[in-house]
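Trainee: Could you take me slowly through one part of this model, the sheet, and show me how its strands are arranged and what lies against them?

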Amino acid sequence: MATFNLKINGKSRTVDVDPATPMLWVLRDHLDLPGTKYGCGIAQCGACTIHLEGNAVRSCQLPVSSVGKSAVTTIEGLSEKADHPVQKAWLEHDVAQCGYCQTGQIMTAAALLKRNPNPTDEEIEAQMSGNICRCGTYVKIKEAVKSAAK
Ligand code: FES
């Protein structure tokens, strides 16, 4: 066990955990932030996507010991009132079906638009292709990302 002082959603948070603990479980089990989802646990599905210094990363393969002072943002901290342009576009386009993968999808899309506010269709597809949706909401996801980019 070790103590880690983390910067989560703009706040300082302290956890006592094994240094190898993936951030996914630190967030969900120790910090009461369940919006980040467990899908595969092996960096293949994208359900666990969070931001590390604004970049989309897979928290299931991110040991807490590697985070250091980097700013972590989860879906709970993406916006004040769930009103980030991507979140609004998701609702406008009625993207979610079962909803399980959607927080990861939104975090990936938000990181894309921060880095590239006007992505082409190909850039959207390339960025979002690693986020798997078992309901097959890919068409709506693409529409929502394009709409949020406007
Ligand atoms: Fe992390 Fe699937 S749970 S990528």
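Mentor: Let us begin with the whole chain, keeping in mind that this is a predicted model: the protein chain is divided into domain 1, covering 2-77, and domain 2, covering 85-149.

The part you ask about is an open sheet of five strands, and if you read across it the order is β2-β1-β5-β3-β4, with mixed pairing. At its edges are β2 (11-17) and β4 (55-58), each of which pairs on one side only. From one strand to the next, the twist averages 45 degrees. As a general background, strands of a sheet pair through backbone hydrogen bonds, and they can do so either parallel or antiparallel.

Start at the β2 edge, where strand β1 (residues 2-8) runs antiparallel to β2 and is joined to it by seven bridges. To find one of these places on the structure, look for I8, whose bridge partner in β2 is K11.

Now move to β3, which is residues 49-52, and consider its two partners in turn. On one side, two bridges join β3 to strand β5 (residues 71-73), and these two strands run antiparallel; here L52 has V72 of β5 as its bridge partner. The other partner is the edge strand β4, which also runs antiparallel to β3 and is joined to it by four bridges, with T49 standing opposite R58 in β4. β3 and β4 form a hairpin with two residues between them, and in that turn E53 has a positive phi of about 55 degrees.

What lies across this hairpin? Helix α3 (residues 102-115) lies across β3 and β4, and the helix runs at about 35 degrees to β3.

This brings us to the way the two domains meet. Their C-alpha centres lie 21 Å apart, and 15 residues of domain 1 are in contact with 12 residues of domain 2. On the side of domain 1 that touches domain 2, β3 and β4 each supply at least two residues, and β3 gives the most, with three residues. If you sort the residues on that side of domain 1 by character, they divide into six nonpolar, eight polar and one charged.

When you return to the picture, then, you can follow β3 from its pairing with β5, through the hairpin it forms with β4, to the helix α3 that lies across both strands of that hairpin.

How values were computed:
Residues numbered from 1 in each chain as written. Predicted model: local features only at pLDDT ≥ 70, side-chain atom pairs only at ≥ 80, totals over all residues. Pairing = 2+ DSSP bridges. Axes fitted to C-alpha atoms, helices over the stretch in contact; angles between N-to-C directions. Contact = placed C-beta atoms within 7 Å. Domains from an automatic or database assignment. Nonpolar A, V, L, I, M, F, W, Y, C, P; charged D, E, K, R; others polar.
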